[in-house]
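User: I have a structure open and would like to talk it through with someone. Could you go over it with me?

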Amino acid sequence: ASFFARMFVQVCLYFYCKCLWRCLKFVVRKLTGRCELQRICYNTKPGAARTMKIEASLKGSKSKRLQTSVSVHPDAIEKTIDDIMELKRINPDINPQLGVSLQACLLQIVGYRNLIAEVEKLRREPYDSENPQHEEMLLKLWKCLKPNSPLKARISKQWCEIGFQGDDPKTDFRGMGLLGLYNLVYFSEWDTEIAQQVLSDSLQPKYSQFSKAEWEKKKFDKAIGYSFAIVGINITDLAYNLLVSGALKTHFYNVAPEAPSLTHFQQTFCYLMHEFHKFWIEEDPLDIMEFNRVREKFHKRILKQLQNPEMALCPHFAASESLINM
């Protein structure tokens, strides 16, 4: 009985607050002569703060036309803006900037949804060794990371030198599909110097409390603590979850003036690789068994940063120059 009583009270509070909120919006509109969308655009600077408020306003509207405006095709955005102005009885001649502001926000909102779909498609596509394009990308990854060390064979122990687990990297892409390979190739090609530096660091001996001779004798993993390629695939998973959960909206709405693209996502991956590498060194874990703990701690740090509506993880997508000097 007490459970149903609590449920009844919660339902009543929900409808009371909802009605109260709608009444409050009506009163504010009458007093200011502006609808909620106008107030947001005029009182909030461009970026994540404005776009996220516009998105929440449209989704929370009682009008189906406004609710569905956040999921229209990019080509229909201009028509959608006209519909919104008509529905809200806003004269576009008197409020020319409003249409421009709403269009920029809708481009970001719709673009984010489309980016999720594009990333998901890549994630679901498995690596196919019979596909020449897939094989070409994989070989490009090797050439970018090891330009002075020719790959002796397609199936080779050499793949372990860049952090794969076995003779054939294709088995390591199962979790993230082609998305993992796309990101690793982009990082290695777009930010080659940093990628090579991170790889080099990951291969450096870490003797901890043991001498070099003792370390060799015990046959421990002599790397700094992780395998470059495997961590890249793991950080791809982290970036993917940040995207799908909506956490990256703050970042993308602040850095992409219009629709965020796959390139924005890949450059964000590069940033996460830079930062995770530095974070791993700062944490100084004893061995790879601590990877999940360090990753989770890093994930929480990024999430906390993204709670700031003015946050841009990498405003100009510049590499962390400090890495070169580490």
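Analyst: Let us start with the overall make-up, then look at one helix, one residue and some salt bridges, keeping in mind that this is a predicted model.

User: Okay, how many helices and how many strands does the protein chain have?

Analyst: The protein chain has 14 helices and zero strands, so when you follow the elements from the N terminus on, each of them is written as α.

User: And what share of the residues is buried?

Analyst: Of the 326 residues in the protein chain, 45% are buried. The accessible surface comes to about 18,000 Å², and carbon and sulfur atoms account for 55% of that surface.

User: What part of the contacts joins residues 24 or more positions apart?

Analyst: If you take the contacts in the protein chain with a separation of 6 or more, 66% of them are between residues 24 or more positions apart.

User: Let's pick a helix. What is the reach of H3 from its first C-alpha to its last?

Analyst: Helix H3, which covers residues 48-59 and has 12 residues, reaches 16 Å between those two atoms, and this is close to the 16 Å expected at 1.5 Å a residue.

User: Which residues of H3 are buried?

Analyst: They are Ala48, Arg50, Thr51, Ile54, Glu55, Ser57 and Leu58. When you look at their numbers, it helps to know that an α-helix has 3.6 residues a turn, so residues three or four places apart point the same way.

User: What do those buried residues pack against?

Analyst: The buried residues of H3 pack against helices H2 (36-43), H4 (64-67), H5 (77-87), H6 and H12 (249-255).

User: Since H6 came up, where does Gln97 lie?

Analyst: Gln97 lies in helix H6, which spans residues 96-124. Gln97 counts as partly exposed because its relative accessibility is 48%, and partly exposed is the class between the 20% and 50% cut-offs. Gln97 and Cys41 are 56 residues apart in sequence, while their C-alpha atoms are 8.9 Å apart in space.

User: New topic: how many salt bridges are there in the whole structure?

Analyst: A search of the whole structure finds 17 of them. As background, side chains of opposite charge can pair when their charged atoms come close.

User: Which residue does Arg65 pair with?

Analyst: Arg65 forms a salt bridge with Asp83, and their closest N and O atoms are 3.9 Å apart. Arg65 lies in helix H4 and Asp83 in helix H5, so this pair ties together parts that are 18 residues apart in sequence. Both are partly exposed, with relative accessible areas of 45% for Arg65 and 22% for Asp83.

User: What about Arg154 and Glu135, how far is N from O there?

Analyst: The side chains of Arg154 and Glu135 meet in a salt bridge at 2.7 Å, N to O. Arg154 is in the loop between helix H7 (132-145) and helix H8 (177-190), whereas Glu135 is in helix H7, so the pair ties together parts 19 residues apart in sequence.

User: Is Glu135 buried or exposed?

Analyst: Glu135 counts as buried, because its relative accessibility is 16% and buried means under 20%. Arg154, by contrast, is partly exposed at 21%.

User: What does Glu189 pair with?

Analyst: Glu189 forms a salt bridge with Lys140, with the closest N and O atoms 3.5 Å apart. Since Glu189 lies in helix H8 and Lys140 in helix H7, the pair ties together parts that are 49 residues apart in sequence.

User: And which residues are joined into one network?

Analyst: Salt bridges that share partners join Glu283, Glu290, Arg293 and Lys297 into one network.

Methods
Residues numbered from 1 in each chain as written. Predicted model: local features only at pLDDT ≥ 70, side-chain atom pairs only at ≥ 80, totals over all residues. Heavy atoms only, no water. Helix = DSSP H or I, 4+ residues; strand = E, 2+ residues; numbered from the N terminus. Buried < 20%, exposed > 50% of the residue type's maximum accessible area, 1.4 Å probe, protein only. Contact = heavy atoms within 4.5 Å. Areas by Shrake-Rupley, 256 points an atom, 1.4 Å probe, with all protein chains shown as cover. Expected span 1.5 Å × (residues − 1). Salt bridge = Lys/Arg side-chain N within 4 Å of Asp/Glu carboxyl O.
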